[in-house]
Amino acid sequence: MGYNTRNNDRKEKEMNRYWHEMEEKYDIGESPDGYQGVVCTVPIEKKELILQLIGLRYPYATRTSIQIGEVHIESEVGAYLNHSCDPNSEILCIINSMDWSDNTQYVPEAALHSTAVRKPVLVSTREISEGEEITFNYNTTESILAHPFKCNCCGKEIKGKNYEL
């Protein structure tokens, strides 16, 4: 007796349609520091999904990749997400209920089993106003940054979470 994938295929199509229909809440523009960044275009509530990080996956870090587990994702929008020591969003992973209900939850990547499929997303940690830059803390995802830098907001060297005390 074979495994019936018909119901799962239908649910997968519904989820894909959801991602394509999701209102874009951001645009690429100039940040207050004069750099290119991701800017909020509509008010965003706390714990609201901002975007799904999709793109090419590499086994090594690049200047614009975002690390999820052992993989580094080159996301078209993620490449413009700037660092902040006091960010308004965080990188989490989606976990769906086993019955494909609307019971979607977001958890830190480290909470997933090593064999689990990672579906990274950017979720707000507080309300974000229209026109405000969307940021996250690079030290929460990157083990070692490909290009360490001195932080504009606190002045400390941002190198990755392996260097955090």
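Let's start with one pair of residues: Ile28 stands opposite Val38 in β2. That pair belongs to a ladder in which strand β1, residues 26-30, and strand β2, residues 36-40, run antiparallel over 5 bridges. The two strands form a hairpin with 5 residues between them, and there Gly34 takes a positive phi near 90°. Before I go on, please keep in mind that this is a predicted model.

Now let me step back to the whole chain. You are looking at 1 helix and 13 strands. Reading along the sequence, the helix comes at the start of the pattern and the strands follow it. Of the 165 residues, 38% are buried. The chain exposes about 10500 Å², and carbon and sulfur atoms supply 49% of that area. If you take contacts between residues at least 6 apart in sequence, 59% of them join residues at least 24 apart.

Next, a sheet. This one is open, has 4 strands in the order β3-β10-β8-β9, and pairs in the antiparallel sense. Its edges are β3 (49-52) and β9 (105-107), each of which pairs on one side only. From one strand to the next, the twist averages 45°. For those who like the chemistry, strands of a sheet pair through backbone hydrogen bonds, either parallel or antiparallel. At the β9 edge, strand β8 (residues 89-95) and β9 share 3 bridges, and Ile95 has Gln105 as its bridge partner in β9.

On to charges. How many salt bridges does a search of the whole structure find? It finds 4, and I'd like to show you three pairs.

Lys25 and Glu48 meet through their side chains at 2.8 Å, N to O. Lys25 sits in the loop between α1 (6-21) and β1, and Glu48 in the loop between β2 and β3, so this salt bridge ties together parts that are 23 residues apart in sequence. Are these two residues buried or exposed? Both Lys25 and Glu48 are buried.

Lys47 and Glu90 also form a salt bridge, at 3.7 Å from N to O. Here the link runs from the loop between β2 and β3, where Lys47 lies, to strand β8, where Glu90 lies, 43 residues apart. Lys47 is exposed, with a relative accessible area of 51%, while Glu90 is partly exposed at 26%.

Then there is Arg126 with Glu132, whose closest N and O atoms are 2.5 Å apart. Arg126 is partly exposed at 33%, and Glu132 is partly exposed at 22%.

What about cysteines? The structure holds 0 disulfides. Cys40 is buried, with a relative accessible area of 2%, and Cys93 is buried too, at 1%.

Two more residues before I finish. Gly78 lies in the loop between β6 (71-75) and β7 (82-83). With a relative accessible area of 4%, under the 20% cut-off, Gly78 counts as buried. Leaving aside neighbours within four places in sequence, Gly78 is in contact with Leu53, Thr64 and Ile66. Gly78 and Leu51 are 27 residues apart in sequence, and their C-alpha atoms are 9.0 Å apart in space.

And finally Thr135, which you'll find in strand β11, residues 133-136. Thr135 is buried as well, at 8% relative accessible area. Beyond four places in sequence, Thr135 touches Asn82, His83, Ser84, Pro87, Asn88 and Ser89.

Thanks, everyone!

Key:
Residues numbered from 1 in each chain as written. Predicted model: local features only at pLDDT ≥ 70, side-chain atom pairs only at ≥ 80, totals over all residues. Heavy atoms only, no water. Pairing = 2+ DSSP bridges. Axes fitted to C-alpha atoms, helices over the stretch in contact; angles between N-to-C directions. Buried < 20%, exposed > 50% of the residue type's maximum accessible area, 1.4 Å probe, protein only. Contact = heavy atoms within 4.5 Å. Disulfide = S-S within 2.5 Å. Areas by Shrake-Rupley, 256 points an atom, 1.4 Å probe, with all protein chains shown as cover.
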